[in-house]
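Thanks, everyone. Let me put the model on the screen, and then we'll walk through a few residues.

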Amino acid sequence: MKITVIGAGSWGTTLADLLANKGLDVCLWVRERELLAEIKTTGENTWYMPGVKLSPNLQTVIDRGQACQGRDLFLFVVPSQHFREVLADFRPHLPAKPAILCANKGVELVTHKTMSQVCEEALAGLKPRYGVLSGPSFAYEVIRRMPTAVSLGSKDEKLAKEAQKLFSTDYFRIYTNKDVIGVELGGAVKNIIAIAAGVSDELGFGNNARAALITRGLAEMSRLGKALKADRKTFMGLSGLGDLVLTCTGDLSRNRQLGKHLAQGRKLLDILSEMKTVAEGVKTTEAVHDLARQTGLELPITAQVHAVLFEGKDPSAAVRDLMTRSLRSE
């Protein structure tokens with residue numbers, strides 16, 4: 001099987017390198033000409049993965065047509081808010097019934113759609129076969145071959161089994177799951193809770209507070225999933241609880257780090273301007289908050305994170321308001 005990975009950030013580069021190291025025919029599409037030249041010259045993605053030598057089997061291109069010609073599987077690893085645009089750019093070069101995998105973790109801001117819904121709309125008429133890769137997986141650790149397990153959500157059993165076999169190694173383990181929307185929502189909502197965890201940690205509120213945020217964050221994730229017809233059991237798996245724990249506790253989490261900066265009193269735009277990679281939780285917070293208001297869902301952590309990000313609320317006041325909400329049963 002010939003595979004194209006679209007997006008040469010840290011995660012796209014890591015997954016492309018994993019496949020190339022297995023001896024597979026892998027092409028990595030790079031958007032920036034300067035980065036393409038760096039990879040070809042140094043054998044490293046010096047922008048996002050400096051110091052890591054990439055597989056010599058990995059091909060890199062910038063032309064979309066060349067990236068798609070004769071390919072069997074297309075893995076998109078681009079920011080969620082740009083997914084629709086990138087799909088539209090690649091659509092003229094894709095075959096009918098393309099096998100599409102997505103490793104983005106977010107909800108589209110304007111439409112409140114998950115990535116599978118965006119893909120279905122953007123590639124309408126092509127009848128794409130779709131799957132989503134999500135779970136507790138820092139690129140820094142995977143590219144250094146540290147043990148990792150993730151979920152692959154797809155209703156297409158054949159695609160799921162093919163992708164499971166392609167990506168699995170002795171350090172990267174794949175579990176399949178037919179609940180696509182559940183896998184997608186877990187990967188998206190956990191970033192919101194990670195921002196809250198970063199705020200709490202930086203304010204010195206301790207392990208008890210972080211554990212409460214993770215647990216009640218899981219409740220919010222499950223509540224939203226139920227409303228959108230996901231299987232609530234999915235949120236107890238790798239793409240739900242697993243990714244939530246990692247992102248709320250790991251120092252490599254961009255969203256947790258963003259929360260810590262917010263708790264220091266820094267402005268959101270200043271924080272974002274210094275980040276080389278996208279913190280998906282910012283736009284996802286906005287999208288999920290809007291979705292909750294439209295559907296009447298109560299998502300208190302999401303509401304407080306939204307208030308800190310977009311309404312100028314003091315982080316300490318947000319935590320206090322969470323703790324002093326009206327009492328209720330679990």
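Start with Asp17. You'll find Asp17 in helix 1, residues 10-21. Keep in mind that this is a predicted model.

What does Asp17 touch, leaving out residues up to four places away in sequence? There are Lys53, Leu54, Ser55 and Ile143.

Now, is Asp17 buried or exposed? Buried, and without a salt bridge. The nearest side chain of opposite charge belongs to Arg145, 5.6 Å away. A salt bridge needs a side-chain nitrogen of Lys or Arg within 4 Å of a carboxyl oxygen of Asp or Glu, so Arg145 at 5.6 Å does not make one with Asp17.

Next stop, Met146. Met146 sits in the loop between helix 6 (139-142) and strand 7 (148-153). Its relative accessibility is 34%, so Met146 counts as partly exposed.

Which residues join Met146 in a nonpolar surface patch? Tyr140 and Leu252. Together, the three have about 270 Å² of accessible area.

Last one: Pro95. Look at the loop between helix 4 (83-90) and strand 5 (99-102). Pro95 is there. Pro95 has a relative accessible area of 33%, and partly exposed covers the range between 20% and 50%, so Pro95 is partly exposed.

Who are its contacts, once neighbours within four places in sequence are set aside? Pro95 meets Phe74 and Leu126.

And for a sense of distance, take Pro95 and Gly281. In sequence, they are 186 residues apart. In space, C-alpha to C-alpha, they are 32 Å apart.

That's the tour. Over to you.

Notes: Residues numbered from 1 in each chain as written. Predicted model: local features only at pLDDT ≥ 70, side-chain atom pairs only at ≥ 80, totals over all residues. Heavy atoms only, no water. Helix = DSSP H or I, 4+ residues; strand = E, 2+ residues; numbered from the N terminus. Buried < 20%, exposed > 50% of the residue type's maximum accessible area, 1.4 Å probe, protein only. Contact = heavy atoms within 4.5 Å. Patch = residues over 30% accessible without salt bridge, like charges linked within 9 Å, V, L, I, M, F, W, Y side chains within 5 Å. Areas by Shrake-Rupley, 256 points an atom, 1.4 Å probe, with all protein chains shown as cover. Lys, Arg positive; Asp, Glu negative; His and termini not counted.
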